[in-house]
Amino acid sequence: MYSIYHFFAHLYRNRQVLAHVTSLESFPWDSELFSYVGRGRFPDFAIRVNPGGDPDGGELIEVKDSKSFSVSSFNSTIPTGTKLIAELTSGKRSVIRDQMLATGDDIDSLPEREVFYLLRGKPIGKCKICLVHGSFFETIKVEQLIQQAFGQVLDERLAEEDLDISDELRKLMVRVFSRQDSFSRVRHVDRATVKLRFRIMTEAKKEGNIFNATIYPEIENDTISLVIPCDCQENLAMRLEHLEQAVSTSELEQGKQFVITHPFNGDYHVLSFPIRNVP
């Protein structure tokens, strides 16, 4: 059986190693869980799919490591709670698709995948590790985020140039630049000896920094935590049932379960364990 909950169980059982390793690349990941392992692109890992199984599996994981209690920036891919797998596997030369197929994964059986972020904050003498559902960072839709950000740029430039345009034209211009792939494609300009590609960099504000002790004091130093949304009672009950399939009752008793409240995105259920003997 493969799932994000089995992945968390592996992390928990190896939590002291996870807390101590200098680079997460040297952590002994359980490769049997993965249908894809990436380097330098989103995602870092994809959990295998369980055809007709419960849970479905297939979750996508991005790893972020920091030497402070801040969340490392998200390069190129804006964090979301779910991702269409077709966006990652389309094209004749998709490395992700080829690797998934080579491991026997039925890619199309689960068109939409949940996204999780494995975050480690490790200032000197302390450590916090959180496996967080991507919805924690997606408080508004990506298109809306880009539109509003581009709208700010447009308004600033219009003010600097002392120009005035109609509301309809402004809305049209903002809407044209609402898609992330408009920025990520390489642009070839006639007679230019360089290619141009704009990259979107996303950084977590304090409300999106689960390591922030002022906003989320429940996430204690030297702990490893799983953070999942309380979007509805039915979904939460299903998630907790899947968690109990991966983590034994005796192991669960060693941790704490509680709820934290995101300032913009409601409640999240947390399962947290201490990391012992962390220098």
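A residue counts as buried under 20% relative accessible area, as exposed over 50%, and as partly exposed in between. By that rule Arg-157, with a relative accessible area of 42%, is partly exposed. The model described here is predicted. This briefing covers its strands, its salt bridges, its surface patches and one loop residue.

**Strands**

- Strand β11 spans residues 266–274 and strand β9 spans residues 223–229. The two run antiparallel, and seven bridges join them.
- One residue of β9 can be followed across to its partner. Thr-223 has Pro-274 in β11 as its bridge partner.
- Strand β10, residues 256–262, also runs antiparallel to β11. Seven bridges join β10 and β11.
- Phe-258 faces a residue of β11 too: Val-270 stands opposite.
- How many residues make up the hairpin link between β10 and β11? The hairpin joins these strands through three residues.
- In a regular strand, side chains alternate between the two faces of the sheet.

**Salt bridges**

- The structure holds eleven salt bridges. Those described below are among them.
- Glu-62 pairs with Lys-64 in a salt bridge. Their closest N and O atoms are 3.7 Å apart. Are these two residues buried or exposed? Both Glu-62 and Lys-64 are buried.
- Arg-120 and Asp-65 meet through their side chains in a salt bridge, at 2.8 Å from N to O. Arg-120 sits in strand β6 (residues 112–121) and Asp-65 in strand β3, so this pair ties together parts that are 55 residues apart in sequence.
- The two ends of that pair can be checked against the cut-offs. Arg-120 counts as buried because its relative accessibility is 3%, and buried means under 20%. Asp-65 has 30% relative accessibility, so this residue counts as partly exposed.
- Arg-157 forms a salt bridge with Glu-161, at 3.1 Å from N to O. Glu-161 has 45% relative accessibility, so this residue counts as partly exposed.
- Which residues are linked in a network of salt bridges? Arg-157, Glu-160 and Glu-161 are.

**Surface patches**

- A negative patch on the surface is formed by four residues: Asp-54, Asp-56, Glu-241 and Glu-244.
- Where is Asp-56 placed? Asp-56 lies in the loop between β2 (45–47) and β3 (60–66). Its relative accessible area is 44%, so Asp-56 is partly exposed. Patch residues must have over 30% relative accessible area, and the 44% of Asp-56 fits that cut-off.
- A nonpolar patch of about 320 Å² is also present on the surface. Leu-169, Leu-172, Val-176 and Phe-177 make this patch.
- Leu-169 lies in helix α6, which covers residues 167–176. Leu-169 counts as partly exposed because its relative accessibility is 36%.

**A loop residue**

- Thr-193 is found in the loop between α7 (181–184) and β8 (201–202).
- Is Thr-193 buried or exposed? At 83% relative accessibility, Thr-193 counts as exposed, since the cut-off for exposed is over 50%.
- Thr-193 and Leu-119 are 74 residues apart in sequence. In space, the pair is 39 Å apart, taken from C-alpha to C-alpha.

Note on methods. Residues numbered from 1 in each chain as written. Predicted model: local features only at pLDDT ≥ 70, side-chain atom pairs only at ≥ 80, totals over all residues. Heavy atoms only, no water. Patch = residues over 30% accessible without salt bridge, like charges linked within 9 Å, V, L, I, M, F, W, Y side chains within 5 Å. Areas by Shrake-Rupley, 256 points an atom, 1.4 Å probe, with all protein chains shown as cover. Lys, Arg positive; Asp, Glu negative; His and termini not counted. Charge placed at Lys NZ, Arg CZ, Asp CG, Glu CD. Helix = DSSP H or I, 4+ residues; strand = E, 2+ residues; numbered from the N terminus. Buried < 20%, exposed > 50% of the residue type's maximum accessible area, 1.4 Å probe, protein only. Pairing = 2+ DSSP bridges.
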